[in-house]
Amino acid sequence: MTYLAQAGRVGIRRIGHHDRTEFLALNRESADLLARWMPGAPITTDEAFDGYLARFDDPANEGFVICRIDTGAIVGRANLNNIIRGTRQDGTLGYCAYSSTTGRGYMTEGLRLLVRYAFGELGLHRVEANIQPSNTPSLNLIKRVGFRREGYSPDFQLIDGAWRDHERWAVTAGTGPGGA
């Protein structure tokens, strides 16, 4: 398997059609977990997977999977969305782990790689993440990756049928993983 970046136990690569079966199985097993935190319904059908992949035809969105190097198995996914070029050079990070792979440090390793890749290969200066205040595991993860809290956004995003508050976290080139 060819990875865009790898270190420790994981590598990151772009998501593709060949990931359909494994990706859908992981999303089905984790549907209850994901529904509480993710915008939209969990991606559990072929149609939903096709729609998810189609997002990445737009250069403002990049989609990745985080995989174990020893087996190639997907342990999480991440997106860089709403990428703005020009004087901003930033994007918004979205990510999720799966029920069968949480609590093992894979996402910490994978998101550190992804942030380094965003600052290096993609030429971004800033990456933002928006997280519900009650999602303690996600807040702890983003802190481990080097993000800092920037603010609070009431009624920020529609998730699981309600407008949810979010904390806004970010990291900039030079301050985060792989920064100068």
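**A tour from the hairpin to the core**

Begin by selecting strand 7 and strand 8, which form a hairpin with 2 residues between the strands, and look there for D160, which takes a positive phi near 55°. Keep in mind throughout that this is a predicted model.

With the hairpin still selected, follow strand 7 (residues 148-159) and strand 8 (residues 162-172), which run antiparallel and are joined by 8 bridges. To see one such pairing, pick R149, whose bridge partner in strand 8 is W169.

Next, widen the selection to the 8 strands of the open sheet, which follow the order 1-2-3-4-5-6-8-7 with mixed pairing. Strand 1 (5-7) and strand 7 stand at the edges, and each has a single partner strand, so one side of each is left without a neighbour in the sheet. As you pass from one strand to the next, the twist averages 25°.

Now go to the edge formed by strand 1, which pairs with strand 2 in the antiparallel sense over 3 bridges; here you can select A7 and find V10 of strand 2 opposite.

Then show helix 4, which lies across strand 1, strand 2, strand 3, strand 4, strand 5, strand 6 and strand 8, and runs at about 50° to strand 2.

Finally, select the largest nonpolar core, which has 33 residues, and in which L80, L93, Y95, L111, V127 and F147 have the most contacts. Among the elements that give two or more residues to this core are strand 4 (74-84), helix 4 (106-119) and helix 5 (136-145), and helix 4 gives the most, with 9 residues. A second, separate core has 15 residues, including Y3, Y52, F56 and C67.

Methods: Residues are numbered from 1 along each chain as its sequence is written. This is a predicted model: local features need pLDDT of at least 70, side-chain atom pairs count only at pLDDT 80 or more; totals for chains, interfaces and linings use all residues. Side-chain values use heavy atoms; hydrogens and water are left out. Two strands pair if DSSP finds at least two bridges between them. Helices (H or I, at least four residues) and strands (E, at least two) are DSSP runs, numbered from the N terminus. A nonpolar core is a set of buried Ala, Val, Leu, Ile, Met, Phe, Trp, Tyr and Cys residues joined through side-chain atoms within 4.5 Å. Buried means under 20% relative accessible area, exposed over 50%, partly exposed in between (1.4 Å probe, protein chains only). Axes are lines fitted to C-alpha atoms, for helices over the stretch in contact, and angles run from 0 to 180 degrees between N-to-C directions. Contact means heavy atoms within 4.5 Å.
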